[in-house]
Amino acid sequence: MKKDIEYKKSARLLNPGSGFLQGYSHTLNPYGGCTFACTYCYVRRMPVGLFRGKEWGNWVDVKTGAREQLLKELRSARRKGPVTIFMSSSTDPYQPVEYKEQVTRSLLEAMIEEPPDFLFVQTRSPLVTRDKDLFLLLQDRIRVSVTVETDLEEVRKAFAPYAPPIPARLKALQELTEAGIPTQAAVAPVLPSGDDFAARLSRVTNRVCVDDYFMGDGSGGKRTEQLGMRSLYKRLGLEEWYRPDAYQRVIEGMSREFPPDRLLISREGFSP
């Protein structure tokens, strides 16, 4: 299906960090909407997803003039105190439209010119490796977090059929880590996984964060419940994974591969 792409000038790029991301001074979203359209995405239940009038995943807004605008906002923000940025909170900065539009890359270029105190990049796309050169220039003030919710492709296809394959994400993580860029795997949300999951992650990164619907959707799991996720788990015969304590079985496996200071849970793994 062809995606509805619109070009818009954003009134503001840097927004105050709040709620789950209150540890950040700002959040930054290069795009509006996300064509990865993961079934469990909590943004579907937020105003940007609810009131657009179009199905989530079928539209994306490209923010025009973003580089110049961010430079101005960064200079203003830095006069007020430390600037810590989470990119991105309601979209994937490396979704397919980025191949052509390169808004995310232009924002990184602005941050090379006017560096924030810390930048956290959150994505599930292997396209992130394209910007290794810029990440290396921000090396002491950046972390790149790649979502790897499961190591099972059949599970990924059931929950996020339009998202990049797991092997490609693992390869991207390994490439970034070997380049000397601080990375982490974000098992967020926890999805059903195999016995070798932790070992596979330990081969491509030295840090992991585990989160689930109940800790990480910003509403204690209520937004996720409204998306009908419980019925999807039931239909797939995976009900035992849709529990507030299900993440513990993943933590148990990860603890055998990662030291305590490299195994983080929910918000602490995404904090600056």
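**Exercise 1. How many of the 11 residues of α4 are buried?**

Solution. This is a predicted model, and every answer below is read from it.

Step 1. Apply the cut-off: a residue is buried under 20% relative accessible area.

Step 2. List the residues of α4 that pass. They are Val-103, Thr-104, Arg-105, Ser-106, Leu-107, Leu-108, Ala-110 and Met-111.

Step 3. Conclude. The tally is 8 of the 11 residues, so α4 is largely enclosed by the rest of the structure.

**Exercise 2. Describe how α2 and α4 pack against each other.**

Solution.

Step 1. Locate the helices. Helix α2 covers residues 66-78, and helix α4 covers residues 103-113.

Step 2. Take the geometry. The two axes come within 8 Å and cross at roughly 35°. The crossing of α2 and α4 is right-handed.

Step 3. Read off the contact. From α2 come Ala-66, Arg-67, Leu-70, Leu-71, Leu-74 and Arg-75. They meet Val-103, Ser-106, Leu-107, Glu-109, Ala-110, Met-111 and Glu-113 of α4.

Step 4. Sort by class. The contact of α2 with α4 holds 8 nonpolar, 1 polar and 4 charged residues.

Step 5. Cross-check with burial. Among the α4 residues in this contact, Val-103, Ser-106, Leu-107, Ala-110 and Met-111 are also in the buried set.

**Exercise 3. Characterise the cavities of 30 Å³ or more.**

Solution.

Step 1. Count. There are 2 cavities of 30 Å³ or more.

Step 2. Take the largest cavity. Its volume is about 60 Å³. Its lining consists of Pro-189, Val-190, Asp-212, Tyr-213, Phe-214, Tyr-233, Trp-241, Tyr-242, Arg-243, Ala-246 and Tyr-247. By class, that lining has 9 nonpolar, no polar and 2 charged residues.

Step 3. Look at one lining residue, Pro-189. Pro-189 sits in the loop between β9 (183-187) and α8. The peptide bond that leads into it from Ala-188 is cis, with omega near 0°.

Step 4. Take the second largest cavity. It holds about 40 Å³ of space. Phe-20, Leu-21, Gly-23, Tyr-24, Arg-267, Phe-270, Ser-271 and Pro-272 form its lining. The split here is 5 nonpolar, 2 polar and 1 charged.

**Exercise 4. Which element gives the most to the lining of the second largest pocket?**

Solution.

Step 1. Set the scale. The second largest pocket contains about 240 Å³ of space.

Step 2. Find the centre. The pocket is lined by 15 residues, and the closest to its centre are Gly-194, Asp-195, Arg-249, Gly-253 and Arg-256.

Step 3. Assign elements. Two or more lining residues come from each of α8 (197-202) and α12 (247-254).

Step 4. Answer. Helix α12 gives the most, with 5 residues.

Step 5. Add the chemistry. The lining of this pocket comprises 6 nonpolar, 3 polar and 6 charged residues.

**Exercise 5. Is Arg-156 buried or exposed?**

Solution.

Step 1. Place the residue. Arg-156 belongs to helix α6 (residues 153-159).

Step 2. Test it. Its relative accessible area is 6%, so Arg-156 is buried.

Step 3. List its contacts beyond four places in sequence. Arg-156 touches Thr-150, Pro-161, Ala-163, Pro-164, Pro-165, Ile-166 and Arg-169.

Step 4. Add one distance. Arg-156 and Leu-264 lie 108 residues apart in sequence and 22 Å apart in space, C-alpha to C-alpha.

**Exercise 6. Work through the backbone outliers Ala-37 and Gln-102, then the cis bond at Ser-88.**

Solution.

Step 1. Ala-37 is not glycine, yet its phi is positive, near 50°. Ala-37 lies in the loop between β4 and α1. At 11% relative accessibility it counts as buried.

Step 2. Follow Ala-37 to a partner. Arg-44 sits in the loop between β4 (31-32) and α1 (47-50). Arg-44 contacts Ala-37, along with Cys-38, Thr-39, Gly-49, Leu-50, Trp-56 and Leu-227. The C-alpha atoms of Arg-44 and Glu-55 are 9.1 Å apart, across 11 residues of sequence.

Step 3. Gln-102 also has a positive phi, near 55°. Gln-102 lies in the loop between α3 and α4. Its 35% relative accessibility makes it partly exposed.

Step 4. A cis peptide bond joins Met-87 to Ser-88, with omega about 15°. Ser-88 falls in the loop between β6 (84-87) and α3 (98-101).

Terms used. Residues numbered from 1 in each chain as written. Predicted model: local features only at pLDDT ≥ 70, side-chain atom pairs only at ≥ 80, totals over all residues. Heavy atoms only, no water. 1 Å grid on protein atoms, 1.4 Å probe; cavity = no way out; pocket = protein on both sides within 12 Å on 5 of 7 lines; lining within 4 Å. Points joined across faces, edges and corners; volume = space filled by probe spheres on them. Nonpolar A, V, L, I, M, F, W, Y, C, P; charged D, E, K, R; others polar. Helix = DSSP H or I, 4+ residues; strand = E, 2+ residues; numbered from the N terminus. Axes fitted to C-alpha atoms, helices over the stretch in contact; angles between N-to-C directions. Left-handed = near helix turned anticlockwise from the far one by under 90°. Contact = heavy atoms within 4.5 Å. Buried < 20%, exposed > 50% of the residue type's maximum accessible area, 1.4 Å probe, protein only.
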